[in-house]
Amino acid sequence: MRHDAIRLLWPGRCLACAAPGENGRDLCAACRAALPWHGPACERCALPLPAPNPAETALCGTCLQRPPPLAQTHAACTYRAPLDRLLPRFKFHHDLAAGRLLSQMMVEAFSPLSRPDALIPIPLHRARLRRRGYDQALELARPLADALAIPLLDDALLRPRATAPQSRLDAAGRQRNLRGAFTVRPGADLPAHVVLVDDVMTTGATLHAAAIVLRRAGAARVDAWVAARVP
Ligand SMILES: [Zn+2]
Ligand SMILES: [Zn+2]
């Protein structure tokens, strides 16, 4: 209903360039054709790799040496234009139409993947949720769960500790910042294979911290699906 209302108020303008949208949608044909879909990448961390060699497993050097807590990571797009405009608008400027478009891209990119038992959006701390008014990972995960018919588990992973914004920290600082940030709700019944959903992956520190507590709480396999990967 809310989406219909947005559509009536703003009938299909391209969110990337403001030209008329294709068939009343939120993207024009040119921007749609130029979307930076994520190419060949490391299976575990989604870091772009040179063209895949079918004889070898698709892992980057870092993941070969030190396997991360995520079994697989998939990104819909590489973080460059127009993602560098769409994602901040969605995250910091309350542009839910941009969020809807990002979620549609994720549906398109991830529908060929095998289905996990549940999707778990990366939660926000209560204080930040109050300030922002919505949880961007949940806004992406909900339509994705609907479209791909995967159960949404949005009350198992908790974020009891407020953390500084990751964007201001270096890689080591990001890791330190997230110590103790996540917990699993006592009594939560985690299925074997869960997928974490987030908007963007930079170093992966947030996703790794969440994956570690889920694994400790009994999830056998944790993957990540993100809208965009920073190369
Ligand atoms: Zn456009
Ligand atoms: Zn890797």
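Four donors count as tetrahedral if all angles lie between 85 and 135 degrees. With that rule in mind, I turn to the structure. This is a predicted model in which local features need pLDDT of at least 70 and side-chain atom pairs count only at pLDDT 80 or more, while totals for chains, interfaces and linings use all residues. Residues are numbered from 1 along each chain as its sequence is written, chains are lettered from A and ligands numbered from 1 in the order in which they are written, and side-chain values use heavy atoms, with hydrogens and water left out.

I begin with the metal site. Donors are N, O and S atoms within 2.8 Å of the metal (3.2 Å for Na, K and Ca), and sites may look incomplete because water is not among the atoms. For the zinc ion (ligand 1), the SG atoms of Cys14, Cys17, Cys28 and Cys31 serve as protein donors, lying 2.3 Å from the ion. Around this zinc ion the four donor atoms subtend angles of 103 to 115°, so the arrangement is tetrahedral. Along the chain, the donors of the zinc ion (ligand 1) follow the spacing C-x2-C-x10-C-x2-C. Cys14, in the loop between helix H1 (2-9) and helix H2 (29-33), and Cys31, in helix H2, are 17 residues apart and link distant parts of the chain; helices here are DSSP runs (H or I, at least four residues), numbered from the N terminus.

Are these two cysteines buried or exposed? Buried means under 20% relative accessible area, exposed over 50%, and partly exposed in between (1.4 Å probe, protein chains only). Cys14 counts as buried at 2% relative accessibility, and Cys31 is buried at 16%.

Terms used. Tetrahedral: all angles 85-135°; square planar, octahedral: opposite > 155°, others 65-115°. Helix = DSSP H or I, 4+ residues; strand = E, 2+ residues; numbered from the N terminus.
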